[in-house]
Amino acid sequence: MNKKSKGFGVLLSFLFLIGIICCLVAESAFASNKQAMTSPTYIEQLAFGEFLMHLNKQAPIESAWNKPVFVQKSGLPNLIRNCNTYIAVKGLLIKEEVEKPQQEQTKVTQPAKQQKYPQEQQPEQPVQTEQPASVKKQVALTFDDGPHKKVTDLILAVLQKHNAKATFFVLGQNVASLPDVLQRVHEQGHEIGNHSWGHRNLTKLTAEELSKEMNDTNEQIYSVIGQYPTIYRPPFGAINDQVRQAIPMTPVLWNVDTMDWHHKTPAKTLENVKQQAKDNTILLMHDIYEESYEALDAVITYLEQQGYEFVTVSELEQL
């Protein structure tokens with residue numbers, strides 16, 4: 001082999017060695033670049049996570065990006081790896097966070113009321129299924145048209161037996177003939193009201209007649225017990241504006257009529273009470289019929305069993 005051929009062989013060998021070295025360098029660079037592509041930095045992971053959150057808020061999409069980047073093995077997409085893209089996304093997120101409080105402020109017109117407890121930890125409110133035992137229903141027993149020479153005392157005995165108070169609306173003409181009976185009603189602590197002198201329809205009377213009916217009865221009551229009544233019950237429950245304006249006292253009607261004056265049957269009196277009695281009842285009876293007395297014990301016993309206590313009309317009106 002001449003020197004020229006030998007020199008050409010050495011050159012080829014040198015070039016081949018250079019080529020091998022270049023390949024090794026290139027493969028090393030490629031491997032390094034590949035490693036860089038598959039190993040995102042922590043900052044890049046945060047950026048990609050924020051970018052996905054932004055996309056999902058604006059327009060949710062179906063793609064591999066919906067999964068957190070730190071569970072992917074392929075690394076960040078080239079789009080996010082691009083520095084300019086990252087800066088643009090970050091700037092968008094910052095701008096959105098700055099504008100968000102201002103937008104929310106325009107919607108809020110009144111601060112929300114702070115809760116004492118979190119919603120899931122709100123204490124349960126106790127459910128009251130029945131009234132406390134100390135709270136009783138009340139009823140005002142009232143008796144009209146007395147006093148009577150016999151029945152009123154019988155009724156007083158029943159009331160005393162049950163320790164029950166009542167209100168008696170008396171007629172002036174009966175008080176005049178039986179002052180001692182009215183005195184016993186007063187001494188036992190019952191209330192006394194005016195029921196006119198002779199049980200006339202007050203709406204049919206002249207102003208002078210009306211005044212005499214009521215004033216004469218008031219004076220008669222005062223002469224016995226030393227007190228003027230403050231309440232009255234118009235006979236038959238008949239009342240109008242003229243009567244109200246003429247009598248400077250409190251009118252009292254009723255909301256349960258036992259009809260004892262009509263049927264005069266103790267069993268029917270009790271049945272009417274059972275059907276109509278309710279809290280704050282003003283119950284109408286009469287102390288001039290023996291049948292009313294005969295029904296009274298059963299009536300009071302029933303009301304006691306139902307949890308009622310007995311008060312005067314004025315005590316009831318104060319509630």
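Contact here means heavy atoms within 4.5 Å. The model shown is predicted.

**View 1. Overall fold of the protein chain, with 13 helices and eight strands.** The chain has 319 residues, and 33% of them count as buried. Take the contacts between residues at least 6 apart in sequence: 72% of these join residues at least 24 apart. The exposed area is about 20,600 Å². Carbon and sulfur atoms supply 55% of that area.

**View 2. Thr-281 and its contacts.** Thr-281 sits in strand β7. Its relative accessibility is 0%, so Thr-281 counts as buried. Leaving out residues up to four places away in sequence, Thr-281 touches Gln-138, Val-139 and Ala-140. Thr-281 also touches Asn-255, Val-256 and Leu-316.

**View 3. The largest nonpolar core, a set of 31 residues.** Seven residues touch the most other members: Leu-141, Phe-143, Leu-159, Phe-168, Leu-283, Leu-296 and Leu-303. Another core, of nine residues, lies apart from this one. Leu-210, Tyr-232, Ile-247 and Met-249 are among its members. In soluble globular proteins, nonpolar side chains tend to be buried together.

**View 4. Phe-143 and its partners.** Phe-143 belongs to the largest nonpolar core. Neighbours within four places in sequence are left aside here. The contacts of Phe-143 include Ile-155, Leu-159, Ala-166, Thr-167, Phe-168 and Phe-169. Met-285, His-286, Asp-287 and Leu-296 are also in contact with Phe-143.

**View 5. The largest pocket, with a volume of about 210 Å³.** The lining has 15 residues. Closest to the pocket centre are His-199, Phe-236, Trp-261, Leu-284 and His-286. By class, the lining divides into seven nonpolar, four polar and four charged residues. Strand β1 (137-146) supplies at least two lining residues, and strand β7 (281-286) also supplies at least two. His-286 appears twice in these views: as a contact of Phe-143 and among the residues closest to the pocket centre.

**View 6. Ile-225 in helix α8.** The helix spans residues 207-225. Ile-225 has 14% relative accessibility; buried means under 20%, so Ile-225 counts as buried. Not counting residues up to four places away in sequence, Ile-225 touches Leu-182, Gln-183, His-186 and Ile-192. Ile-225 and Ile-192 are 33 residues apart along the chain. Their C-alpha atoms are separated by 9.6 Å.

Conventions. Residues numbered from 1 in each chain as written. Predicted model: local features only at pLDDT ≥ 70, side-chain atom pairs only at ≥ 80, totals over all residues. Heavy atoms only, no water. Helix = DSSP H or I, 4+ residues; strand = E, 2+ residues; numbered from the N terminus. Buried < 20%, exposed > 50% of the residue type's maximum accessible area, 1.4 Å probe, protein only. Areas by Shrake-Rupley, 256 points an atom, 1.4 Å probe, with all protein chains shown as cover. Core = buried A, V, L, I, M, F, W, Y, C linked by side-chain atoms within 4.5 Å. 1 Å grid on protein atoms, 1.4 Å probe; cavity = no way out; pocket = protein on both sides within 12 Å on 5 of 7 lines; lining within 4 Å. Points joined across faces, edges and corners; volume = space filled by probe spheres on them. Nonpolar A, V, L, I, M, F, W, Y, C, P; charged D, E, K, R; others polar.
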